Structures are given as C-alpha cells and as structure tokens.
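Work through these exercises with the sequence and the structure side by side. Try each task before you read its solution.

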Amino acid sequence: MKIRNLFLVLIGMLGVPLTAEGNDFNWYIIGGVTLFPEGTSVEVANTEGYGNRWGVGFQINSFFGLEFARDSAPAMNDTVIVKNFERDFEDTITNYDIEAAYNRFSSFVGTFSVPVSRSTSIVGKVGYSNYSYRSKVSFESKSGLQFDGKLEEDYGLTPTASLGVAFPFRSGFGPKPAIELAITKVFEEEVESVWGTVSFLLRF
C-alpha cells in the first residue's frame with residue numbers, strides 16, 4: 001500500500017512538468033556528508049555524528065525532478081544494545097562483540113527547485129524514506145546463555161521532506177557542479193530523525 005501511494009504522489013507531482021513543452025532532461029550524481037545533531041533518535045539510542053551520502057537524480061526541467069539517495073547514520077551505541085538484551089533476557093551480559101554492518105536511510109523523493117538568483121536556488125523535496133540497520137552480535141551472559149547472530153530490522157517506507165539551498169558553480173563545457181545545503185526530516189514514530197546534509201552535485 002505504501003509503495004503504491006509513493007508512486008501516486010510522485011506521478012501527481014510530475015504530471016504537469018512531464019506534459020509541458022521545452023523540457024530539458026538531464027541527470028546528476030550526489031556525494032556528500034550527513035550530519036546528525038545531538039538528540040537524534042535512531043531506533044533505541046539517542047545519537048549524534050556524521051555519515052556519508054550518495055545518490056543519483058533525474059532533472060525533468062529547471063523546476064521538477066526525481067532523486068534517490070542513501071544517507072548513512074551513526075552506528076547504534078553498543079552499550080545501549082547490551083542493556084536491551086539484558087532487559088529482554090533478564091540476565092547480565094559478561095562478554096560481547098558487536099559489529100555494525102550498516103545503519104542507513106534510503107530515500108526516493110520528488111524535487112522542486114526555485115531559482116532566487118543566478119547563483120542560488122531554493123530546493124524542496126517530498127517523498128518516502130526507508131530506515132534499516134544490521135549488526136552482527138555475539139554475547140555470553142552470567143547464567144551461561146550464548147547468542148551469535150544478526151540484529152537487523154527494516155522499517156519500511158515512511159514520509160520524508162527536505163528543504164535546502166543549492167549553489168551552482170559557473171562552468172564552461174562538461175558537467176556542471178553545485179553545492180547543496182539541506183535539512184531533512186523523516187516521519188517515522190520509532191525513528192524520529194532530523195539531519196543536515198552537505199552535498200556535492202555533478203550535473204550532466
């Protein structure tokens with residue numbers, strides 16, 4: 001149901017520009033840094049820090065486009081994971097090893113750009129994001145209980161929105177670079193997260 005709603009929203013957003021004349025189709029790649037402020041809630045732990053960001057976008061015209069991006073989030077705190085296991089098993093963990101494989105947001109959004117000057121544009125994004133994590137966990141408890149396996153969860157699609165400012169660089173021939181600064185929020189009750197991004201865009 002959520003996937004169907006996603007496509008209905010994006011088709012509705014892009015229906016007008018797709019039928020308009022004079023569209024100039026192009027695409028771009030994204031690379032950058034994701035900044036999670038203090039107090040960000042990701043699953044079971046409040047965390048802060050930074051991760052990497054990468055993706056690809058498809059510009060339909062100067063106003064509308066589509067974008068897919070992945071933002072890595074700071075790894076969950078080992079101590080918090082251990083405390084949750086101790087609470088669930090009503091036992092004390094004496095030895096453990098936790099290896100985070102990934103902890104990320106994957107987003108698919110429609111974009112809307114409004115130029116405010118020759119060198120600045122306001123960029124809004126609306127769509128869906130998916131939060132997922134995976135960690136390899138092994139531990140031994142005081143009572144002799146042993147566990148060796150994966151701690152993982154996929155939260156499915158949740159609405160997301162972003163607002164930012166893009167600064168394109170002047171260039172002659174070839175790809176056109178730009179810097180984009182943005183604030184993004186996901187609307188998942190169990191993953192209340194707002195983060196900032198600094199992205200480098202290379203348009204073709």
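Accessible areas come from the Shrake-Rupley method with a 1.4 Å probe; for residues, only the protein chains shown count as cover. The model is predicted: local features need pLDDT of at least 70, side-chain atom pairs count only at pLDDT 80 or more, and totals for chains, interfaces and linings use all residues. Residues are numbered from 1 along each chain as its sequence is written, and side-chain values use heavy atoms, with hydrogens and water left out.

**Exercise 1. Describe the protein chain as a whole.**

Step 1. Start with the surface. The accessible surface of the protein chain is about 11600 Å², and 59% of it belongs to carbon and sulfur atoms.

Step 2. Turn to burial. Buried means under 20% relative accessible area, exposed over 50%, partly exposed in between (1.4 Å probe, protein chains only). Of the 204 residues, 41% count as buried.

Step 3. List the elements. Helices (H or I, at least four residues) and strands (E, at least two) are DSSP runs, numbered from the N terminus. The protein chain has 2 helices and 8 strands. Their order from the N terminus is α-β-β-β-α-β-β-β-β-β.

**Exercise 2. Decide which parts to read with care.**

Step 1. Know the score. pLDDT is the predictor's confidence in each residue, from 0 to 100. Its mean over the protein chain is 79.

Step 2. Compare elements. Helix α1 (residues 2-19) has the lowest mean pLDDT, 49, and strand β3 (residues 64-72) the highest, 92.

Step 3. Draw the lesson. Where pLDDT is low, the predicted coordinates should not be read in detail.

**Exercise 3. Check the length of helix α2 and find its buried face.**

Step 1. The expected span is 1.5 Å times one less than the number of residues. For the 12 residues of α2 (residues 78-89), that gives 16 Å; the end C-alpha atoms are 17 Å apart, which agrees.

Step 2. Pick out the buried residues of α2: Ile81, Val82, Asn84 and Phe85. They fall within an arc of 160° (taken from the directions from the helix axis to the C-beta atoms), so they line one face of α2.

Step 3. Look at the other side. Lys83 and Arg87 are exposed on the face turned away from the buried side of α2.

**Exercise 4. Place lysine 185 in its surroundings.**

Step 1. Lysine 185 lies in strand β7 (residues 176-188). It is partly exposed, with a relative accessible area of 32%.

Step 2. Contact means heavy atoms within 4.5 Å. Leaving out residues up to four places away in sequence, lysine 185 touches Pro159, Thr160, Ala161, Ser193 and Val194.
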